[in-house]
Structures are given as C-alpha cells and as structure tokens.
Amino acid sequence: MKRFIENYNGEKVDLIVIGGGVTGAAVAYDAATRGLSVALVEKNDFGGATSAATSKMIHGGLRYLATMEFRLVRESLKERKTMENIAPNFVYPMPVMVTTNKLKITNTKWIIKIGMILYDILSFDKGWTWDKSKRISLHKTISKEKVVELEPLVKKEGLTGASVYSDCVSIFPERLTLAFIKSAVRNGAQVANYAEVVDFIFDNKRRVTGVMVRDRLNGRKIAVRGNLTVNCGGPWADIILGIASKKPSGEQLRRSEGIHIITRKMVNDHIVGCMTAKGRHLFVIPWRNHSLIGTTDKEYIGKPDDYKVTAKSVSELLDEVNESFGDGTLSFKDILHTYGGLRPLVEDQTEDVYESSRKYEIYDNKTDGLDGLITVEGGKYTTSRNLADHVMKVISKKMNRKLYGCVTDKQFLAGCEIPDMQKFLDMIVDENRDFSSKTMEYLGRNYGTEYEKVLAIARSSKAFARVLNGDGEIMAEVVYAVRHELARTLNDILFRRTGIGTLGHPGESLLKEVARIAGKELRWGPSRIKEELEKARKAFIIPMPDREESSANVKSKKIQGSGKEKASRKK
C-alpha cells in the first residue's frame, strides 16, 4: 500500500471518506467495489481509536434484547455470520457463559433462558457459514456445580447456574480493520493515514467539493477534490462538522468511554459474563493465554483528542470485577496493560450511556447548509459492513446514479481467502518446517494468505526470523508492517500491526530492537528513534493512584519486562 497524498496529482474522485476506522474502511471498500473512485484520509493511524478499543467480540448484542431492539440484534447476528465468512482467519466462535443468580430479577435463570431462546431464534441462520467448522450451536443451561467445574473463579455467592451460548471473537480487530482498508485498495481506492482534514472546499454555490488535508508526516497541505464527502469520524464526527460549518456543531455528539484491562489468565475456555451490582454485564474474555476484562460505559465530557484512560476509571472497573468475579483481590499490580476509547452514540434520551442504543444514523448534511457532505454516526464494529451498504444507498441517491449491487458479503476480505481454516493452518505448518508450528499458526491467523510475504522477509535474515514472544511472533512482522502496511510510527507497529505491545511492555531491550529495525526501514535518525521510544513507553504506562505510582507500577513494569525478555531469549 502507498499513501496517495505523497504523490497526489489533483485528480477529482467520486467519493472522499474521512476516517480510517472500521466504518470508514468499510464504506471505502464497498464504494470501490461498486465502481466509484475513492480517497480515504485518516488523521492518525488506521483503526487506531474506537475500532481498536473493543472487547474483541463480533457479537449479536444479547443485552439489547432487554431494550427490545430486536432489529439491531437480528442485524448484528446476521453480520456476525457474514464476518465469520469473509474474515475466517480473524473471526471465531467462542462459548459464552452468562452466570445467573437471584440477586436481580433480570439475571435469574428463567429470564436469561427466555433471552437465550430469543437469541437462538433471531440467529436462525447461524449454521449457514462457508467454513462448516464455524457453525454455532444452540444454547444450553448448566448447573452451578458445572459452572464452578468449568470456570472455578466464578463467584459462588448466590450462583444458580449459567446459560452457555456461542458468539464470536475477533482475535485482532486492528488487523481486521486493516483487512477492510486493504480490500478497498485492492478494488482501486486510494488511502492515507496521518492525513488530517483541516478545512473544506466549496464551490460558488456553497456545496462541498473537497477537503484540505495536512500531511502530518511532513506538514504539507493538499487539496483533495471529490463529488461527495462522507464523514466517518466516529467520536470526532461533530468536530469535523464544525470545521465544515466554520463554527462549533449545534448539537455535540454524545460519547461513551469504554476501557479494558489485561491480566493473568482468569478463565479457561469460556467468555464469562457476570452482572454487576449496577445491573451491567461485565465480561472476562480468554485472549492470548491471558484475560481481557471489560468493558465500561461511562459518559465522557470533553474533547476526544484529550481522552486518556485514568486511574479513576481503572479503579472503578477493578471494583466491579472484584464484586462480581474472582476472589475479590484483583488490583492494579495484576494489570499488564490497559486501553480505552470513546464510542459515538446517537441516542440522548437515556440517563445512563450503558442503556443507550448502538444504532447508527446516516445524515445528509444538505439540511445544515452543507450539501455534498454525508455524516455517519453511531453503530458498532459488528455491523460496520452492513452500515456501509446503507451509506451506499444514500450515496446512490445523492449522485442520482445507479450503482452496482453490494458484493462485500459475498467475497473474502483481502488476505482472508481461506475456505477451510483448519486445512489451511495444517497445510502451512506442514510446508514450513523451518518455523515452529506456533509461529505458523500465528502468521496464518493474523496474516492469512499474506503469510508467505512475512516468511520471505524472515528467511532473508536470521535477525528477522527471531521469535519475540510466546505467541511465536517474529521480527519479520516489523519489517512487513513498514514495507507493506503503512506503519509509520513505533506504536503503529507495536499495537496495530503486531501483537508485540498488546499484552503490555515487552521488555526494554526488545522495544529498542524493534525501534532500531523500524528506524532503519523508515530512515529515522537517533533523535527520532528516541522520540518514538518515549511515545511507546508512555503508551505502556498503567494509570494508577498517585500513592501507588512510584512503587507498585514501576516495580510491576520491571517484573513484566524482565520476564518477557527471558521468555523471548529462551525461544
């Protein structure tokens, strides 16, 4: 892939997409498959904000049944199946255990049972997957004794049993978003990360005819012209509208904060869902032999650019975990990594953002005096592909042009052309005996059919074949991220192209080596490498109460770093 703004010749496109999260990526992909010329710009990195701050689930939204949003649940379940089909290496079924008790009537065995039956009915087509191994079975009810046998850390107080059903997990949402970007490029779209929209271009009738983009890597400004512009800015959508209208948006977008923590392994094979005292569901999710715990739903007031995970938010999540799951002793020192993000909400009629809908809305901004601009707000990761289909209907009407039909539900994403995932994994393990089965499985799942390009780099140098962690990741992924996937910062590589940093600090020596190799590929000087390392170290800091910051946090990081470095050297 190439950043088109580096060699842009001023050619006018049919569609400009602002925002490189999963929504913008899906819109660009869908539009490109219908024969439109597309330019996508993202002010930071692709999939680096809301699309990265997920629970790594592709799910139907069981809790939306409680608010009678049957249409949203049905759409989500249908799209869950579609995601299994078009991205077989990224999306997998996993059993979910929802514990029941007598503490709240909404969490009793029979109420949950009714919800499970409805969920099964609404997902009637869950067996129609291209890869038959991804078929999802009906739910079942198990006893409290069986719950404890399967997942010993479930709180026993008031426990009456559990309902077990299956939803899907996305093993690497950032790379799944990137697969949508790559699919758009494969179909002719032009894309650029680190390309910030700083102004809009209008004709003499005050119609939007393009955007002024600042290349954040060199400071240069470029005018990108298009017939229509789609604002897929997520939590920044209202700010983008403010740039277009030359004034703050009339109605500020409502934003919800969601954070997650990563800890030692706390569950075995099930995603465990527990109801908190506040009536929310908390999930403990198996991920890379660790546990991913979340999420929160708390209204965020402030500028999205200023958002960061706070010690207060982490403390509140820990309190909820300890009152709902485990032995009640989980603390800051047990956290390996934490991340968070903002979700844009389209509903403002509920007091608690947890109750707010995850519906989406598509606005023609002509009514606001901004003809030529369409804004997309709300939605959830699972339904992003279908949302793009609906956006295309609005675009077709605005252009007064009949477009090709939607094909994004009928073809694999780029790099995901794998009809039978297990056969594919068995084949690449067998054919590449010079690498461990762990490495080959990791590459097969996260790079799909592109794994061969990573291996070619690894075979070119012993240093690039070096195994970096217990997942089997190799240094060649760093080089591949720069050469082929538009990684332009150290954090792009650590958090969005590879999993080197997503379980916490990988150890100082490994961090420096990754920076050295990335710097060589990107021609960074010593001062730039130092700057990138400082930004990475900052991203690994776990926000803690002041009284604990100087001791527990620092001590914990030293232990994590040294342990991971030792594990890496052993391999």
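**Figure 1. Cavities in the predicted model.** A search of the whole structure, which is a predicted model, finds 4 cavities of 30 Å³ or more. The largest cavity has a volume of about 60 Å³, and the second largest holds about 40 Å³ of space.

**Figure 2. Close-up of the largest cavity and the residues at its centre.** The lining of this cavity, about 60 Å³ in volume, consists of 13 residues. Nearest the centre of the largest cavity lie Phe 90, Arg 175, Lys 182, Ala 414 and Glu 450. By class, the lining residues of the largest cavity are 6 nonpolar, 4 polar and 3 charged.

**Figure 3. Helices at the largest cavity.** At least two lining residues of the largest cavity come from each of helix H5 (173–186) and helix H10 (437–447). H5 contributes the most to this lining, with 4 residues.

**Figure 4. Close-up of the second largest cavity.** About 40 Å³ of space is enclosed here. Arg 80, Tyr 119, Asp 120, Ser 123, Lys 126, Ile 136, Ser 137, Leu 138, His 139, Tyr 165 and Ser 166 line the second largest cavity. Two or more of these lining residues are supplied by helix H3 (109–122), and two or more by strand S6 (159–170). The lining of the second largest cavity divides into 4 nonpolar, 4 polar and 3 charged residues.

Conventions:
Residues numbered from 1 in each chain as written. Predicted model: local features only at pLDDT ≥ 70, side-chain atom pairs only at ≥ 80, totals over all residues. Heavy atoms only, no water. 1 Å grid on protein atoms, 1.4 Å probe; cavity = no way out; pocket = protein on both sides within 12 Å on 5 of 7 lines; lining within 4 Å. Points joined across faces, edges and corners; volume = space filled by probe spheres on them. Nonpolar A, V, L, I, M, F, W, Y, C, P; charged D, E, K, R; others polar.
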